Amino acid sequence: MHNLDYIVIILFSVLIVMAGLSFRHSGSDMKSYFAAGGAVPWSISGLSLFMSFFSAGTFVVWGSIAYEYGLVAIVIQLTMAAAGFLVGGIIAPRWRKTGVLTVAEFIRLRLGDRIQQFYTYLILLLSLAYTGAFLYPVAKIVNVSTGFSINACIVLLGVLILIYTAVGGLWAVIITDVLQFVILTAAVLIVVPLAIKMADGLPRFLEQAPETFFSLTNGEYTFGFILAFMIYNTIFIGGNWAYVQRYTSVKNERSARKVGYLFGGLYLISPLIWMLPPMLYRVINPELSGLENEGAYLLICKAVLPVGMLGLMLGGMIFATASSVNTTLNLSAAVLTNDLYKIFRPNASNAQTMKVARWSTILFGLGTIGVALLVPAAGGIVEVVLSVGAVTGCSLYGPPIWAMFSKRHTGRSILACTLIALGINVFFKFITPYTIGLSLDRAQEMLAGALIPFILLAGYELWAYSRGQISADYLAFANRKKTVTTAAEEAASGQQNKYGLKVLAVMLGLIGLLIMGLGAIATDARWLVMLMGACLLALSVWMHPNTLQRK
């Protein structure tokens, strides 16, 4: 990379951290720190959900599939759009209706303290592994691109993410997510036409692409896999503890519904834009094979982007993947503070609670850095951890979703369904292949992971219905006294929203000026780069609270 690319990465990192630190005074209580005041605009929360779903997989895994198999990579990601619409129509508004801050709080109120403790400890343990696994590929991108030590990259990036997440709370997470979305979208919109030009136009691309490149299914990615993936994503997006914060932090159920719809709408459009560059690169350079395919996205960016823009694109990739890390950090701190500390210290003052909240974020963040540092030494263990995550996802996230809609399930029945489903899935994943030679393929494994919990939950529901049984746990939850938002809290939320939009507008303006500056010194695609920078500058002026107020 050129020296200018390094300078741009540093400037971009400084802007992201500054944006997060600017919310250091907004997290004055639990609701503002973990739910951003409880009235985040649905558009911002939806964009944050979209970016939180991003990881290195968007560029590495999906980019590799797009390069090797073509259109099927887009088809698979369209299942995320379907999942988003289902979540928006059914699950997200119900989460907002519960009036809780976290899933752990809902489990405690609906299913009981013991059930909550089981879920909390298991989710926190898995979250630590997931977050470390997310941080490692972020550092790997920097390591491969710059040649810096992988351990140094892990520590530096981990500390940067930790600082603005611990100081600014959920607002810091959400605003930096939105910034990353806009910047990456702008960069990819520059990459696409330049990649088309390098491929000598779309007609040649269509002519030179491999024979099955535009098939809806390809290789192991069958219709069965695609269907299973959609079911899995519906449960994952609707029940993942970190993502649920995006539904509980908006003003009302209607806004929560829009969060899911916006996520679905973005995944209806974005896969074609995001996946086109590595697909085009297959025609430009068809020589990649094996693990080399994973570098297709970065290689096409290196090939076509002007000096400086590559640094901005790389910075966007890094912090987009880091979005998964900061989201989980905030969620884990929320669970530790709201659902563990407050149970043992119910009379703790607001100052004490907020101190615990920030220290929880710091300690969990340090644990994440430690896990990421162990990844190279862990070897195959990391694959086992990720495999367990894939197998256990629906078993852990599905039952609490079901409990929101069920009058008949008890805490014990939900726990039993979870444990039995986990046991069956782990049995088929890790025992039968080595004992009786029975292995499930990708589609079968994913379908089993999604359907087994559903069958168990539905079975108990029908049994309880046949006996006319209504759960005492449900009646206690339904009759509980709900927390009412005061006029002062609504006013504070309005001020936080206005401040959040102001920070976002200022940062977008600065990045727009940066891109225009890079365009001015570029030798290739100068006007395209400058136009994109001007669009960001215009967007920042339009969305500034002072502009909106004049309207």
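Phe 225 and Phe 229 both lie in helix α11, which covers residues 223-239, and the two are separated by four residues, about one turn of the helix. In an α-helix there are 3.6 residues a turn, so residues three or four places apart point the same way. In this predicted model, the rings of Phe 225 and Phe 229 form a stacked aromatic pair, with 5.6 Å from centre to centre and 15 degrees between the planes. Phe 225 counts as buried at 5% relative accessibility, and Phe 229 is likewise buried, with a relative accessible area of 10%. Both residues also belong to one aromatic cluster, in which they are joined by Trp 62, Tyr 69 and Tyr 221.

The helix that carries this pair is itself mostly covered, twelve of the 17 residues of α11 being buried. Besides Phe 225 and Phe 229, the buried residues of α11 include Ile 226, Ala 228, Tyr 232 and Asn 233, and the run from Thr 234 through Ile 235, Phe 236, Ile 237 and Gly 238 to Gly 239 is also among them. The length of α11 was compared with the expected value: at 1.5 Å a residue, its 17 residues should span 24 Å, and the C-alpha atoms at its ends are 24 Å apart, which agrees.

Aromatic contacts were then considered across the whole structure, where the search finds 22 aromatic pairs. One of these is formed by Phe 106 and Phe 477, whose ring centres are 5.4 Å apart and whose planes stand at 90 degrees, so the pair is edge-to-face. Because Phe 106 lies in helix α7 (residues 103-111) and Phe 477 in helix α20 (residues 472-478), the pair ties together parts that are 371 residues apart in sequence. Phe 106 is buried, with a relative accessible area of 0%, and Phe 477 also counts as buried, at 11% relative accessibility. The ring of Phe 477 has a further neighbour in Arg 480, which lies over its face at 4.1 Å from the ring centre. A second arrangement of this kind involves Arg 282, which lies over the face of Tyr 67 at 5.5 Å from the ring centre.

Charged side chains were examined next. Side chains of opposite charge can pair when their charged atoms come close. The search of the whole structure finds one salt bridge, in which the side chains of Arg 204 and Asp 200 meet with a distance of 3.8 Å from N to O. The partners were also assessed for accessibility: Asp 200 is exposed, with a relative accessible area of 53%, whereas Arg 204, at 32% relative accessibility, counts as partly exposed.

The surface also holds a nonpolar patch, formed by Leu 78, Phe 85, Leu 189, Tyr 261, Leu 268, Ile 269, Leu 272 and Ile 273, which together have about 680 Å² of accessible area. Two or more residues of the patch are given by each of the elements α6 (72-98) and α13 (253-284), and the largest share, five residues, comes from α13. Ile 269, a member of the patch, is found in helix α13 and counts as exposed at 56% relative accessibility.

Notes. Residues are numbered from 1 along each chain as its sequence is written. This is a predicted model: local features need pLDDT of at least 70, side-chain atom pairs count only at pLDDT 80 or more; totals for chains, interfaces and linings use all residues. Side-chain values use heavy atoms; hydrogens and water are left out. A salt bridge is a side-chain nitrogen of Lys or Arg within 4 Å of a carboxyl oxygen of Asp or Glu. Buried means under 20% relative accessible area, exposed over 50%, partly exposed in between (1.4 Å probe, protein chains only). Patches are made of residues with over 30% relative accessible area and no salt bridge: like charges are joined within 9 Å, nonpolar side chains (Val, Leu, Ile, Met, Phe, Trp, Tyr) within 5 Å. Accessible areas come from the Shrake-Rupley method with a 1.4 Å probe; for residues, only the protein chains shown count as cover. Rings of Phe, Tyr and Trp (its six-membered ring) pair if their centres lie within 6.5 Å; planes under 30 degrees apart count as stacked, over 60 as edge-to-face and the rest as tilted. A charge sits over a ring if NZ of Lys or CZ of Arg is within 6 Å of the ring centre and within 35 degrees of the ring normal. The expected span of a helix is 1.5 Å times one less than its number of residues.
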